[in-house]
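Here's a quick briefing to read alongside the model. Have the sequence and the 3D view open, and let's start with one loop residue.

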Amino acid sequence: MSDDHLLAQRLLAERAERRRIAEQLHDGPVQHVAALSQMLDAAVHAIEDGDVPAGKRVVARALAVARDAAEELRGIVAGLEPVSLHEVGLSAAVAELAERTAGRRGAALTLAIEEEGVGEGARSSLFQVIREALDQAVRRGPPEHVSISLAPTPSGGVELLVSDDAAPERRQAVIDGLAERAAELNGSFEASRDGRWTTIRLVLPPSAARL
Amino acid sequence: MADTPEITVLIADDHEVVREGLRLALLRSPHIRVVGEAPDGETAVALAERRRPDVVVMDLRMPQMDGIEATEEIVARVPDTRVLVFTAYSERALLQRGLESGAHGYVLKEAPHETLLKAIEKVAAGESFVDPALIPSLTTGRDGQDILTQREREILQLLADGMSNADVAQRLFISQETVKSHVRHILAKLEAETRTQAVAIALREAMID
């Protein structure tokens, strides 16, 4: 591949990444904050009308929505590039992420991550794929079980498997997004269903795994 | 209030929490009655056909059929129902697409209650409405410079905040004729800049009470 071609690919990938972040922000916290302003507006009007009990009820609901928004923002920030990823490694960062998302909602976690020989860039990308897969599983479910494994392939690449038993996939856009990420990494991607398990499989060739 | 006619509203948004917030806000206005909620564009069209609300408060981004397509369908199938776009997007291109699809108004999701009510009432009456918070973004030219003079911007903001020409004249110690002349200049510049009939008409109606 020529340098120009690589550069163009890099720029495209960056743009796709920015779009994904914009979508995450738009789909989560932006909606919560909008609902929050409507609710607080309603509460002010209720209090002005002298209906204090209704005002209190709406404020209590608004408080819950504000906390949801804060949690979502924290999740997005932590997902952007967790500090732990480069300080203590992919395995620890994924364990923390899985615990914070699926684990806290009662899912049993099975993690087996062999990251030796996986480059820093590839770790970062793999983390994002895992984050999106988990995020989607939790939104659909939450699942009872989640299993994440990363293992070397005989040819020197790596294979990532993320399986969950949450309700079947509804948002094709997420699968498309993951496939797009895989293509940016020059990897192969597939999503499959087997009984109650949904599995995504991403295989990176040696060149991409060492990035 | 006996003199305020009832307005029936259908809410279309894929975020449950947004529908809840809107419902709670509209509950405070007795003359507005929510007659249905839809989580996507297709349901919005079906419910609009069945319940024939005065106004559909429509999100733009929804799964399956989005708000633009749903607006086009509703305008074609239920011509007495008006659409008010209700979105978190403030980009000028989306405002244009929204109004070109046949919506009568465009309001931001975090708009103050008074703005939201005014938007629903105007749209129900068949008039146009653009959220005043969007007006500054409309006065930026393609070269990034503001197309209005400082005085024009000042007058536009006062009008957008709900003042009448007479209020503006009094506030700025100028005659009403001078205010009207400024407004004519402002509209001419905005129409030239937005190059969209729908936006121009909406702005004109939003600014001149």
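Arg52(B) comes out as partly exposed, because it has 13 C-beta neighbours inside 10 Å and the partly exposed class sits between the cut-offs of 12 or fewer for exposed and 20 or more for buried. Keep in mind that this is a predicted model. From Arg52(B), the notes below work through the rest of chain B and end at the contact with chain A.

**Loop residues worth a click**

- Arg52(B) sits in the loop between α2 and β3 of chain B, and it comes after α2(B).
- Its backbone is a bit unusual to look at: phi of Arg52(B) is positive, near 45°, and the residue is not a glycine.
- Gln64(B) is another non-glycine residue with a positive phi, in this case near 60°.
- You'll find Gln64(B) in the loop between β3 and α3 of chain B.
- Gln64(B) counts as exposed because just 12 other C-beta atoms lie within 10 Å.
- Pro39(B) belongs to the loop between β2 and α2 of chain B, and with 18 C-beta neighbours inside 10 Å it is classed as partly exposed.
- Pro39(B) and Thr71(B) are 32 residues apart in sequence, and their C-alpha atoms are 14 Å apart in space.

**Helix α2 of chain B**

- Which residues of α2(B), spanning 41–51, are buried? They are Gly41(B), Ala44(B), Val45(B), Leu47(B) and Ala48(B).
- For the spacing, recall that an α-helix has 3.6 residues a turn, so residues three or four places apart point the same way.
- The buried residues of α2(B) pack against three strands of chain B, β1 (7–12), β2 (32–38) and β3 (55–58), and also against α3 (67–77).

**Strands of chain B**

- β1(B) runs parallel to β2(B), and six bridges join them; across this pairing, Leu10(B) stands opposite Gly36(B).
- β1(B) also pairs with β3(B), again in the parallel sense, over four bridges; here Ile11(B) faces Val57(B).
- β1(B), helix α1 (residues 16–27) of chain B and β2(B) together form a right-handed β-α-β unit.

**Where the chains meet**

- The contact uses 16 residues from chain A and 15 from chain B.
- On the chain A side, the elements giving two or more residues are α1 (3–48) and α2 (52–80) of chain A.
- α1(A) gives the most to that side, with 14 residues.
- The chain A side divides into nine nonpolar residues, six polar and one charged.

Conventions:
Residues numbered from 1 in each chain as written. Chains lettered and ligands numbered in written order. Predicted model: local features only at pLDDT ≥ 70, side-chain atom pairs only at ≥ 80, totals over all residues. Contact = placed C-beta atoms within 7 Å. Nonpolar A, V, L, I, M, F, W, Y, C, P; charged D, E, K, R; others polar. Pairing = 2+ DSSP bridges. Right-handed = clockwise from strand over helix to strand, strands pointing away.
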